[in-house]
Amino acid sequence: MMEKDNLDWGNLPFGYLKTDYNVRCYYRDGKWGEVEISSSEYIPVHMAATALHYGQEAFEGLKAYRGKDGKVRLFRWQENAKRLIHSADGIMMAEVPEELFYEMVVKVITLNAKYIPPYGTGATLYIRPLLIGSGPQVGVKPADEYLFMVFVTPVGPYFKEGFKPVSVEVVRDVDRAAPLGTGTFKVGGNYAAGMRASQRAHENGFASVLFLDALEKKYIDEAGPANFFGIKNNTYITPKSNSILPSITNMSLEQIAKDNNIKVERRKVPIEELETFEEAGACGTAAIISPIKKIKDHSTGKVYEYGDEPGPVSTKLYYHLRGIQEGTEDDLHGWTTIIDGI
Ligand SMILES: Cc1ncc(COP(=O)(O)O)c(C=O)c1O
């Protein structure tokens, strides 16, 4: 498959770029209908749709990677499909069956195959599945109709300058999610709740915020759009919390750490422990790992520093996971799915 010829792959932003097609499917009368292909970037939405009023909306984010061998791989798409079911269930939406999720993801990638960035550019094809309550309600209750759609957009490397550490800001005056709230679901409301804090962090020159647990403000929860980990004594330590998104990247890094004889601990991480880490990082689909060089506590002014270069453990984990996604490392756990014919 030929790539689109007028795109500067190495300099794409990490943002939205129009492609040719998206795919859609409606849930009506208790069942999913036919998959439709659309070339419109717009969706007709009823003004009383529950997505608009009561936040019945969930999404996913995954990527297709062009490997060194020319093959196109999806990474652990089953986990994204399961997480969407978990999110849908959490806010009372119709669940998208795993097979429908996969069918639509493959279809939209295949239709837009020329937008899959070539190997070696650092760019990838970002896939955004979106599930919304499209049926009208005025009272607060779940919609009767849902729209599931998937679009794709080529995105540039998350770090233009390469794999470079960033600074993050701890916030205490904004909570992303309550302990028994919607934090484990990938729903728009969580991002709306955190937006004030992340915008302020950006204005203060930080790449992201670091949220603390909402109840006690004692433990680290997660970064704005990514989970958190710290490294010390050859151990990968990541917060256990019932208000963070279960990151598929984090789950994979934990396994890769074990495969590399690095110990793994998933437990509460008190904020004071930041003092003791040799390395710290944020992890997610967008960047795999964003190493952290500095964490500043917005309220107390305290600063924790980890050096201007990525640490050895973060570097090892980053290249190992990236290698699996690009087909240059053995896929020991069967995490990748090759999409045939493109
Ligand atoms: C709030 C939040 N936490 C964590 C992650 C990382 O999750 P994943 O590794 O599945 O991309 C994301 C991004 O998807 C996110 O938005």
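Student: How many Å separate the centres of domain 1 and domain 2, taken over C-alpha atoms?

Tutor: The two centres are 26 Å apart. Keep in mind as we go that this is a predicted model. The domain assignment of the protein puts domain 1 at 9-155 and domain 2 at 166-325.

Student: How many residues of each domain are in contact with the other?

Tutor: In general, the size of an interface is often given as the accessible area lost when the parts come together. Here we can count residues instead: 20 residues of domain 1 are in contact with 12 residues of domain 2. On the domain 1 side, the elements giving two or more residues are strand E4 (57-59), strand E5 (62-66), strand E6 (72-75) and helix H2 (77-90). H2 provides the largest share of that side, with 6 residues.

Student: What classes of residue does the side of domain 1 that touches domain 2 have?

Tutor: A mix: 7 nonpolar, 6 polar and 7 charged residues.

Student: Let's go inside. Which residues have the most contacts inside the largest nonpolar core?

Tutor: The general idea is that in soluble globular proteins, nonpolar side chains tend to be buried together. In this model the largest nonpolar core has 89 residues, and those with the most contacts inside it are Val105, Ile109, Ile127, Leu131, Tyr146, Val168 and Leu210. Strand E8 (residues 146-155) gives this core its largest share, 8 residues. Domain 1 (9-155) and domain 2 (166-325) both contribute residues, so the core lies between them.

Student: Which residues is Leu131 in contact with, leaving aside neighbours within four places in sequence?

Tutor: Look for Ala58, Leu84, Ala88, Met93, Val96, Tyr146 and Phe148 around Leu131.

Student: And where is the place of Val168?

Tutor: Val168 sits in strand E9 (residues 166-171). To judge burial, count the C-beta atoms around a residue: Val168 has 25 others within 10 Å, so it is buried. Not counting residues up to four places away in sequence, Val168 touches Phe206, Ala207, Ser208, Val209, Leu210, Ala223, Ala282, Ile292 and Ile295. Sequence distance can mislead you, too: Val168 and Lys296 are 128 residues apart along the chain, but their C-alpha atoms are separated by 6.5 Å.

Student: What about the ligand: which residues surround it?

Tutor: Its shell consists of Gly61, Glu222, Pro225, Ala226, Asn227, Leu245, Ser247, Ile248, Thr249, Asn250, Gly284 and Thr285. Sorted by class, that is 4 nonpolar, 7 polar and 1 charged. Helix H5 (residues 248-259) gives the most to this shell, with 3 residues.

Student: Why does the span of H5 agree with what its 12 residues should give?

Tutor: Let's start with the general idea. An α-helix has 3.6 residues a turn, so residues three or four places apart point the same way. For length, use 1.5 Å a residue: the 12 residues of H5 should span 16 Å, and its end C-alpha atoms are 17 Å apart, which agrees. As for burial, the buried residues of H5 are Ile248, Thr249, Asn250, Ser252, Leu253, Glu254, Ile256 and Ala257.

Student: Which residue follows H5, and what is its phi?

Tutor: Most residues other than glycine have a negative phi, and most peptide bonds are trans. Asn261 follows H5, and its phi is positive, near 60 degrees. Asn261 lies in the loop between H5 and strand E14 (263-267). With 7 other C-beta atoms within 10 Å, Asn261 is exposed. Met92, not a glycine, also has a positive phi of about 60 degrees. You'll find Met92 in the loop between H2 and helix H3 (98-111). Met92 has 13 C-beta neighbours inside 10 Å and so counts as partly exposed.

Student: Now Ala123, in the loop between H3 and strand E7 (124-133): is it buried or exposed?

Tutor: Count again: there are 24 other C-beta atoms within 10 Å of Ala123, so it is buried. Beyond its neighbours within four places in sequence, Ala123 has contacts that include Trp9, Leu12, Pro154 and Val155. The C-alpha atoms of Ala123 and Asp8 are separated by 9.9 Å, with their places 115 residues apart along the chain.

Student: How many Å apart in space are His53 and Pro118?

Tutor: They are 41 Å apart, C-alpha to C-alpha, and 65 residues apart in sequence. His53 belongs to helix H1 (residues 50-54).

Notes
Residues numbered from 1 in each chain as written. Predicted model: local features only at pLDDT ≥ 70, side-chain atom pairs only at ≥ 80, totals over all residues. Domains from an automatic or database assignment. Contact = placed C-beta atoms within 7 Å. Helix = DSSP H or I, 4+ residues; strand = E, 2+ residues; numbered from the N terminus. Nonpolar A, V, L, I, M, F, W, Y, C, P; charged D, E, K, R; others polar. Near = placed C-beta within 6 Å. Core = buried A, V, L, I, M, F, W, Y, C linked by C-beta atoms within 7 Å. Buried ≥ 20, exposed ≤ 12 C-beta atoms within 10 Å, placed from the backbone. Expected span 1.5 Å × (residues − 1).
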